[in-house]
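Okay, thanks everyone, let me get the model up on the screen. I'll walk you through the fold piece by piece, so shout if you get lost.

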Amino acid sequence: MKLDKFDLAILKALQLDARISLQELSTQVGLTSSPCWTRIKRMEEDGVIEGYSVRVNAAKVGLADTVIVQVTLDNHSDQALFEFGRALEQIPEVLEAFLVSGDYDYYVRIAVADTRDYERLLRERLYKIPGIRHSKSSFVLRQLKQSQLPLRLPN
């Protein structure tokens, strides 16, 4: 799907506020409501817009700490990678997991209440996943940046 300047303007506005009214969105991007709505629906159907969500303040719901875990597996077969990914999907505290190149196989971002909560998670969940050879954990001290995708027209 090729995106034009109106599509990108719609996406930028929705990234900032997915609850924006159609009327306000249409005004912002310079379209009337009907073509604006048609473009949104098309981008949803084509998978450009994957869904809508709410940003929740982690500390205010008791998950004040974020841990980045670097994991190396014993085995790199397709089946081992699949099983590890499936195991991570079953752990609600795992927010994101990335298969990466370099010294480790995975970077995993985890939300926990505190160090004791993380220790519990390690004992009860992570260390029970078969095939982990090595892991290294780092507590995030402060989040310096969180942003949306930098949408722009191709040259």
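Let's start in the sheet: strand 1 and strand 3 (residues 106-112) run antiparallel, joined by seven bridges. Strands and helices here are DSSP runs numbered from the N terminus, with at least two residues (E) for a strand and at least four (H or I) for a helix. Two strands count as paired if DSSP finds at least two bridges between them. If you want one pair to click on, take Val 67, whose bridge partner in strand 3 is Ile 110.

Quick caveats: this is a predicted model, so local features need pLDDT of at least 70 and side-chain atom pairs count only at pLDDT 80 or more, while totals for chains, interfaces and linings use all residues. Residues are numbered from 1 along each chain as its sequence is written, and side-chain values use heavy atoms, with hydrogens and water left out.

Back to the sheet. It's an open one with four strands in the order 2-3-1-4, paired antiparallel. Strand 2 (94-99) and strand 4 (132-139) sit at the edges with a single partner strand each, so one side of each has no neighbour in the sheet. On average, neighbouring strands are turned by 20 degrees against each other, ignoring direction. For angles, axes are lines fitted to C-alpha atoms, for helices over the stretch in contact, and values run from 0 to 180 degrees between N-to-C directions.

Strand 2 pairs with strand 3 as well, antiparallel over five bridges, and Leu 99 has Tyr 106 as its bridge partner in strand 3. Those two strands make a hairpin with six residues between them, and Gly 102 in the turn has a positive phi of about 110 degrees.

What packs on this sheet? Helix 4 (residues 78-89) does, touching strand 1, strand 2, strand 3 and strand 4, and its direction makes about 160 degrees with that of strand 1. Helix 5 (residues 115-124) packs there too, touching strand 1, strand 3 and strand 4, at about 130 degrees to the direction of strand 3. Contact means heavy atoms within 4.5 Å.

Now, salt bridges: a search of the whole structure gives 11, counting a side-chain nitrogen of Lys or Arg within 4 Å of a carboxyl oxygen of Asp or Glu. One of them joins the side chains of Arg 39 and Asp 7, at 2.9 Å, N to O. That pair links distant parts of the chain, with Arg 39 in helix 3 and Asp 7 in helix 1 (residues 5-16), 32 residues apart.
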